[in-house]
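Work through the exercises below with the structure in view. Try each task before reading its solution.

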Amino acid sequence: MTHATQTWAGPQHRRSVVWIVALATLAIVFDGYDLVVYGTVLPTLMADPTQLGEISAEQGGALGSYALIGVMVGALLTGAFGDRIGRRKMMLINIVWFSVGMGAAAFSTSITMFGALRFFTGIGVGGLVATAGAVVAEFAPPGKRNLFNAVVYSGVPAGGVLASLLAILLRDVIGWRGLFLVGALPLVILLPLALAKLPESPAWLQSRGRIDEARVVCEKYGFPLPSAAPTAPTEKIGFAALATRKYALGTALLGMMSFAGLLLTYGLNTWLPKIMADAGYNANGSLSFLLVLNGGAIVGGLLASKVADGRGPQAVIVTTFFLAAVALTVLTLGFPLPVLLASVAIAGVGTIGTQVLIYGFVSNYYDTPARAAGVAWCAGFGRLGGIVGPVIGGLLIGAGFANNVNFYIFAGIALAGGLVTYFVPARSGVLGPVRAPGDRTATTVEV
């Protein structure tokens, strides 16, 4: 893909993109918080039946999956409507939806109520995940798209770090209900900022034939005007576009990539504290492994995204999947604690960090009329892997299998994910001239 010769149209363009990336990142932080906070409170819920009722290992895995089923539904709904109603509206709707769900879950009085509210919350999470990728792909300048996508989707492990730290520091003070109430903060922190600072995507406006509105947004925020022509009446939009010859094979393989990445992400985040507790580590020690897993994903994901901007994301994702397989195998070999911690950090890069790279790859694989649907498909189908991951862990632990079996299975899935990634067909970006507002010098940009 060809990069632009001019990264920024001016200081206002840079400031606007920084705001948009910051808002998208903060939204995804709470996705990661939601993902990990359940894993941090699960041992408490299983140990104390007075909270929600008696929870077995199998039920614990199932409860972890309810939110992921909701995420899948939310992502697919966003794919169905996001390319039609716009990026801004979808972001605002899902911020409210997610926050209300997290706050309500904190007041659950039964397993059934908690599971239902976890499903409800997941719908908002799925919408945020699917929309954020489309937003960043259409606002970030070429040459920085993998990096900015990595920054945004690093919010997932950053939220995991936040959940782990708050659980270590505050779980005994505010309890599991207080930890869930923290997840409702986007309603009072993020929503007002998004209302003020998040514009509609000019690329989306222009693809819908709203040229004058796109021009107004570009002039107000300093964006270069995208070169995308309005979507032709005969051109397929959204999910319908994914079934065309242009995208069909790539879409199938990208979905399988995301399935593998999210199975690993959710499986490890849900069960790593429990596995390590069973291995003899105390509560804070087992949560520290979760902290290292997500911390490694943040640092490694950002470094890998820089390489991906230069060499392309596909080869980098194959490599990180392979690293995950090696690191997960090392965890079964009984090495001293420093080696185990290093392996967990590398596993974080190869699982959660790989999923960060996958979202960037997917966001830039599709053109504007199909972008939200493409990201939503991968987020939605991928969440099937997220649903399976916690269930696999719960079934194996409930059946009395050794912890090593979990790690071997996860390592095999990482290898399969790398193999699928290798065969994704290449696509060239759509190129065209753009002009910064008031500037007659054309540059080249992907849209």
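**Exercise 1.** In this predicted model, decide whether C378 is buried or exposed.

*Solution.* Start with the relative accessibility of C378, which is 1%. The cut-off for buried is under 20%. C378 therefore counts as buried.

**Exercise 2.** Classify C218 by the same cut-off, buried or exposed. Then state how many disulfides the structure holds.

*Solution.* C218 has a relative accessible area of 3%. Buried requires under 20%, so C218 is buried. Next, recall that a disulfide covalently joins the sulfur atoms of two cysteines. Searching the whole structure gives zero disulfides.

**Exercise 3.** Place Q355 in its element, judge whether Q355 is buried or exposed, and list what Q355 touches beyond four places in sequence.

*Solution.* First, the element: Q355 lies in helix α16, residues 352–363. Second, the exposure: the relative accessible area of Q355 is 4%, so Q355 is buried. Third, the contacts: leaving out residues up to four places away, Q355 touches M257, S258, G261, L262 and T265. Last, a distance: 10.0 Å separates the C-alpha atoms of Q355 and L263, which are 92 residues apart along the chain.

**Exercise 4.** Find how many residues of helix α6 are buried, and name them.

*Solution.* Helix α6 spans residues 145–153. Eight of its nine residues are buried, and the helix is mostly covered. The buried residues of α6 are R145, N146, L147, F148, N149, A150, V152 and Y153.

Methods. Residues are numbered from 1 along each chain as its sequence is written. This is a predicted model: local features need pLDDT of at least 70, side-chain atom pairs count only at pLDDT 80 or more; totals for chains, interfaces and linings use all residues. Side-chain values use heavy atoms; hydrogens and water are left out. Helices (H or I, at least four residues) and strands (E, at least two) are DSSP runs, numbered from the N terminus. Buried means under 20% relative accessible area, exposed over 50%, partly exposed in between (1.4 Å probe, protein chains only). Contact means heavy atoms within 4.5 Å. A disulfide is a pair of cysteine sulfur atoms within 2.5 Å.
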